[in-house]
Amino acid sequence: MKQSIFTIVENEALTKDVYRMVLAGDTSAITAPGQFVNIQLSGKFLRRPISVCDWDDTTLTILYKVVGHGTQAMSRMKSGEKLDILTGLGNGYDLSLAGDCPVLIGGGVGVPPMYGAAKRLVQAGIRPTVILGFNTRDEVFYEAQFRKLGCRVRVTTVDGSYGIKGFVTDALDSGYTYFYTCGPEPMLKAVYKAATTSGQMSFEERMGCGFGACMGCSCKTITGYKRICKEGPVMKKEEILWER
């Protein structure tokens with residue numbers, strides 16, 4: 001974990017509620033897709049945890065959804081403004097287990113970490129299939145960016161207004177070697193039941209501290225409760241025990 005000051009380079013709307021922010025700063029603590037950052041906002045006691053979409057040696061890209069006062073304030077920020085950010089939080093995806101034909105499954109704001117994973121798989125010579133799930137056509141984002149990487153992309157919408165009608169599991173066929181996923185818990189449970197291979201799941205959770213001190217976020221596993229912010233957010237399929 002590293003605390004650094006980042007400068008906003010870009011902050012643009014992708015949909016009505018989803019924004020893309022590019023920041024310049026020290027990204028050396030970010031080592032794997034699936035990790036997250038924790039952002040300090042003026043007047044807010046708790047930092048805002050946001051998953052990493054992409055990064056390089058000098059810039060960090062995050063995609064965030066406006067859901068409250070904190071993210072609303074972020075959406076109004078301009079280029080040149082500064083943010084105090086904790087980077088390198090949580091564990092990320094282990095891409096060495098992908099095999100030749102992995103599938104990446106992202107639902108809503110679970111899409112961003114899938115981009116970072118897809119980009120690095122492609123750089124390693126692996127072309128993944130990507131399934132993106134949304135409620136309606138108006139909520140779809142980053143499809144073009146995944147296609148530009150060379151990924152095979154399937155988009156689902158619950159109302160059928162774009163792509164395949166239904167949920168991400170309706171686009172999940174056979175033939176993949178491993179899966180990586182991130183999204184709301186009902187989606188993760190559905191993928192867990194439908195998946196025919198091993199895989200890794202990244203959990204979305206409200207967090208207090210973001211680095212394991214407060215024990216406010218947890219997931220039941222075969223070895224006991226694990227903190228999503230510290231031992232997660234990525235968990236292997238085989239270790240998860242779902243609460244009824």
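A residue is called buried when its relative accessible area is under 20%. With that cut-off in mind, this tour visits a predicted model, one selection at a time.

**Stop 1: Y178 and its ring partners**

Select Y178. Its relative accessible area is 5%, so Y178 is buried. Next, add Y180, whose relative accessibility of 0% makes it buried as well. Show the side chains and turn to Y93 too: ring pairs join Y93, Y178 and Y180 into a cluster.

**Stop 2: strand 11**

Now extend the selection to the whole of strand 11, residues 178-183. How many of the residues of strand 11 are buried? Six of the six are, so the strand is largely enclosed by the rest of the structure. Look at the two faces in turn. Y178, Y180 and C182 lie on one side, F179, T181 and G183 lie on the other, and all of them are buried.

**Stop 3: the sheet around strand 11**

Display the strands as ribbons. Strand 7 runs parallel to strand 11, and five bridges join the two. To find this pairing, select P102, which stands opposite Y178 in strand 11. Strand 12 also pairs with strand 11 in the parallel sense, over five bridges. Here the place to select is G183, with F203 of strand 12 opposite.

A general point helps at this stage: strands of a sheet pair through backbone hydrogen bonds, in either a parallel or an antiparallel manner.

Zoom out to the full sheet. It is an open sheet of seven strands with mixed pairing, in the order 10-9-8-7-11-12-15. Which strands stand at the edges? They are strand 10 (164-165) and strand 15 (234-236); each has a single partner strand, so one side of each is left without a neighbour in the sheet. At the strand 10 edge, select strand 9 (residues 152-157), which pairs with strand 10 in the parallel sense over two bridges. One bridge to examine there is that between T157 and its partner K165 in strand 10.

**Stop 4: helix 4**

Select helix 4, residues 185-194, and colour M187, L188 and V191, which are buried. Looking down the axis of helix 4, one sees its buried residues within an arc of 100°, so they line one face of the helix. The general rule behind such a pattern is that an α-helix has 3.6 residues a turn, so residues three or four places apart point the same way.

What do the buried residues of helix 4 pack against? Their partners are strand 7 (102-107), strand 11 (178-183) and strand 12 (199-203). Rotate to the face turned away from the buried side, where the exposed residues P186 and K193 are found.

**Stop 5: aromatic pairs and charges over rings**

The whole structure contains six aromatic pairs. One of them is formed by Y115 and Y142 in an edge-to-face arrangement, with 5.2 Å centre to centre and 80° between the planes. This pair links distant parts of the chain, 27 residues apart: Y115 belongs to helix 2 (residues 112-123), while Y142 is in the loop between strand 8 (129-134) and helix 3 (143-149). Both Y115 and Y142 are buried. For another geometry, return to Y178 and Y180: their ring centres are 5.1 Å apart and their planes stand at 55°, so this pair is tilted.

Two further selections show a charged residue above a ring. R120 lies over the face of W55, 3.6 Å from the ring centre. K237 lies over the face of Y192, 5.8 Å from the ring centre.

**Stop 6: R20**

Select R20 in strand 2 (residues 18-24). Is R20 buried or exposed? Its relative accessible area is 17%, so R20 is buried. The side chain of R20 makes a polar contact with the side chain of E10 at 2.8 Å. Beyond its neighbours within four places in sequence, R20 has contacts that include T61, I62, L63 and Y142, the last of which is the tyrosine paired with Y115.

**Stop 7: Q40**

Finish at Q40, in strand 3 (residues 36-40). Q40 has a relative accessibility of 28%, so it counts as partly exposed. Its side chain reaches the backbone oxygen of K44 at 2.9 Å. Apart from neighbours within four places in sequence, Q40 is in contact with R47, L83 and D84. Finally, select I85: its C-alpha atom is separated from that of Q40 by 6.2 Å, although the two residues are 45 residues apart along the chain.

Note on methods. Residues are numbered from 1 along each chain as its sequence is written. This is a predicted model: local features need pLDDT of at least 70, side-chain atom pairs count only at pLDDT 80 or more; totals for chains, interfaces and linings use all residues. Side-chain values use heavy atoms; hydrogens and water are left out. Helices (H or I, at least four residues) and strands (E, at least two) are DSSP runs, numbered from the N terminus. Buried means under 20% relative accessible area, exposed over 50%, partly exposed in between (1.4 Å probe, protein chains only). Contact means heavy atoms within 4.5 Å. A polar contact is a pair of N or O atoms within 3.5 Å; within protein, one must be able to donate a hydrogen and the other to accept it, and residues adjacent in sequence count only if both atoms are side-chain atoms. The arc is that of the directions from the helix axis to the C-beta atoms. Rings of Phe, Tyr and Trp (its six-membered ring) pair if their centres lie within 6.5 Å; planes under 30 degrees apart count as stacked, over 60 as edge-to-face and the rest as tilted. A charge sits over a ring if NZ of Lys or CZ of Arg is within 6 Å of the ring centre and within 35 degrees of the ring normal. Two strands pair if DSSP finds at least two bridges between them.
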